[in-house]
Amino acid sequence: MQELLRTISLTDYNTRVVVLGVAALGLACGWVGTFMLLRKRALMGDALSHATFPGICVAFMLFQLIADGGGKSLPVLLSGAVVSGVLGVLCVMWIRNQTRIKEDAAMGIVLSVFFGLGTALRGIIQKMPGSNSAGLDGFIYGKTASMTSFDAWLIGVIAMISCGVLLLMYKELKLLCFDESFAKGVGFSTTRLDIVLMGLVTLVTVVGLQAVGLILVIALLIIPSASARFWTDRLGVMVLIAGLIGATSAVGGALISAVVPNTPSGATIVLTSFGCFLLSLIFGIRRGLMIRQRTLRKAQQEILLRAKL
Amino acid sequence: MLWDVDLDVPTGTLVGIVGPNGAGKSTLIKAILQLVPVLAGEIRVFGQPYEKQRSRIGYVPQRESVDWDFPVNALDVVTMGLYGKIGWFRPVRARHRQKALQALDRVGLAELATRQISQLSGGQQQRVFLARALVQEADLYLMDEPFAAVDAATESAIVQILKDLRKQGKTALVVHHDLQTVAEYFDYVILINGRVVAHGPTPTTFSPENLHKTYGGKLSLLEEVAQQLREKR
């Protein structure tokens, strides 16, 4: 009980670090995720996050060899994640452009093959003498408890970068997501815009790996933005709400994971965001089920009234 | 795939692009905009390459080409017509929105400016797209089936705007499906079926022989017209 109070009241320094870190992560994921969702690239984010796994493993192995069992270094692991994640996305695009295979199938292939490769490498790492592979599981299922202040800072910086880029290119990205060919027609390079957007998705995914894990990080990109759509018909407002829901889910999930023993934070964060999604689905003031029922009933009554007259 | 395109379009005219489904009408427009690769040959707009004339071209894509569920309102969409002029990284300002509102007014939708675009009827959505092109203040307008599945009010509004544009000396290339109204709406016509079958002033070019050449391979002209009449109902 005392521990519960300690966690929730944020008296603990470590808890404060974790809460700030995941809050920044939730914000950034909500913001970037909204554009990813509207660009209809939601599953591309999933392919990307799964494709980071072999990169993490290879980086881990290389670092073990060079540093001679000197433990793991987050920047090295995350660099590996970026490299193989981007490689995965490029593979999807290559398969889609060069063969007649459709994008969803291409993503299915890349996602499973990269994840399979990662799993195989992880098996090898576990057999490697003297190497401590325990940290790798945190990348799969998410482990916020081990978040250091450096990790939190890193996420904070990425969140600020995302915010800056989205503010600077808000109108361009809005046009890209709404009407790609018109964007080209008025002279914007949609290839460049797509690279910027996927670059942001890559950044927030990679810094989110530790907290949410690579299987579930996609949820933090999609669920908050999908929930936000129930509350508003305006893109700007949707981005803000998505950030808010993302931060709430991430913080809520991290706290639950800290209090309830043996729950990976990835799972608790996803379940918390699903709670937000359910609330939005039912109570959302623009597209929620209740408001739709009410408008339907109003229309029915109007028709009945007119029929009587 | 579209072959054998060799044509000049006179400025200051309303040009109808006519042909059966899959004939390459949209492809012709997209080729001018360089949205599809041009494998051979060149396209010049007012005597210069497309890149130099981009700001002089207004574009009305097919209505189905976008997701109307997108979280923007009518005014937002029309304002997008100005993004090219505003340029990279610069924000939209009040005067841009003012201009967009004027364009919305021109197509008779000023009252619906703040309405989310999925709450508009198909005809109203088409007029929003038209307003977005108008706000570009172009000299050449490329319109991909602006008359597809619209109500009578929208159809007459679009025709009126086309006539206004012609009066201002602008040129419009319009992909058109309804053979009944071609002679009425357009001064100049391009008949397409995989290649340009014929092009020239409507009175001489839009003839039964040329139409037969254009549609003959697939359906007899009469059947086609009858089918379109049925679709209209």
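What percentage of the 309 residues in chain A is made up of buried residues? In this predicted model, buried residues account for 50% of chain A.

**Figure 1. Chain A is built from 14 helices and zero strands.** Along the sequence, the elements of chain A read α-α-α-α-α-α-α-α-α-α-α-α-α-α. The radius of gyration of chain A is 21 Å, close to the 19 Å expected from the globule rule for 309 residues, so chain A is as compact as a globular protein of that length. Along the principal axes, its C-alpha atoms fill a box of roughly 85 × 60 × 35 Å. Taking contacts between residues at least 6 apart in sequence, 76% of those in chain A join residues at least 24 apart. Chain A has an accessible surface of about 14900 Å², and carbon and sulfur atoms contribute 69% of that area. The chain carries 26 positive and 14 negative side chains, with the centres of the two sets 9 Å apart.

**Figure 2. Close-up of A:Thr272 in helix α13 of chain A.** Helix α13 spans residues 265–283. The relative accessibility of A:Thr272 is 19%, and A:Thr272 therefore counts as buried, the cut-off being under 20%. Apart from neighbours within four places in sequence, the contacts of A:Thr272 are A:Ser249, A:Gly252, A:Gly253 and A:Ile256.

**Figure 3. Close-up of A:Lys40 in the loop between α2 and α3 of chain A.** The helix α3 that bounds this loop covers residues 42–67. A:Lys40 has a phi near 60°, which is a positive value in a residue other than glycine. With a relative accessible area of 55%, A:Lys40 is exposed.

**Figure 4. Chain B combines eleven helices with eight strands.** Its radius of gyration is 18 Å, close to the 17 Å given by the globule rule for 233 residues, so chain B is as compact as a globular protein of that length. The box filled by the C-alpha atoms of chain B, taken along the principal axes, is roughly 55 × 45 × 30 Å. Of the 233 residues in this chain, 52% count as buried. Contacts joining residues at least 24 apart make up 70% of the chain B contacts between residues at least 6 apart in sequence. The accessible surface of chain B is about 10900 Å², with 49% belonging to carbon and sulfur atoms. Chain B has 27 positive and 25 negative charges, whose mean positions are 6 Å apart.

**Figure 5. Close-up of helix α1 of chain B and the residue B:Gln34 that follows.** Helix α1 runs over residues 25–32 and is mostly covered, with six of its eight residues buried. These buried residues are B:Lys25, B:Ser26, B:Leu28, B:Ile29, B:Ala31 and B:Ile32. B:Gln34 is placed in the loop between α1 and β2 (44–45) of chain B. The phi of B:Gln34 is near 60°, a positive value in a residue other than glycine. B:Gln34 is partly exposed, with a relative accessible area of 42%.

**Figure 6. Close-up of B:His176 in strand β6 of chain B.** Strand β6 comprises residues 171–176. B:His176 counts as buried, at 1% relative accessibility. Neighbours within four places in sequence aside, B:His176 is in contact with B:Ile17, B:Val18, B:Lys25, B:Phe147, B:Thr181, B:Val182, B:Tyr185 and B:Phe186. One of these partners, B:Lys25, is also among the buried residues of helix α1 of chain B.

**Figure 7. Close-up of B:Leu104 in helix α5 of chain B and in the largest nonpolar core.** Helix α5 extends over residues 94–106, and B:Leu104 counts as buried at 0% relative accessibility. The largest nonpolar core has 157 residues, and B:Leu104, B:Leu142 and B:Leu162 touch the most other members. Helix α2 (residues 13–38) of chain A supplies the largest share of this core, 14 residues. In soluble globular proteins, nonpolar side chains tend to be buried together. Beyond its neighbours within four places in sequence, B:Leu104 is in contact with B:Ala74, B:Leu75, B:Val78, B:Leu109, B:Ala110, B:Ala113, B:Val128 and B:Ala131. From C-alpha to C-alpha, B:Leu104 and B:Val135 are 8.9 Å apart in space, and they are 31 residues apart in sequence.

How values were computed: Residues are numbered from 1 along each chain as its sequence is written. Chains are lettered from A and ligands numbered from 1 in the order in which they are written. This is a predicted model: local features need pLDDT of at least 70, side-chain atom pairs count only at pLDDT 80 or more; totals for chains, interfaces and linings use all residues. Side-chain values use heavy atoms; hydrogens and water are left out. Buried means under 20% relative accessible area, exposed over 50%, partly exposed in between (1.4 Å probe, protein chains only). Helices (H or I, at least four residues) and strands (E, at least two) are DSSP runs, numbered from the N terminus. The radius of gyration is taken over C-alpha atoms; the globule rule is 2.2 Å times the number of residues to the power 0.38. Contact means heavy atoms within 4.5 Å. Accessible areas come from the Shrake-Rupley method with a 1.4 Å probe; for residues, only the protein chains shown count as cover. Lys and Arg count as positive and Asp and Glu as negative; His and the chain ends are not counted. The place of a charge is taken as NZ of Lys, CZ of Arg, CG of Asp or CD of Glu. A nonpolar core is a set of buried Ala, Val, Leu, Ile, Met, Phe, Trp, Tyr and Cys residues joined through side-chain atoms within 4.5 Å.
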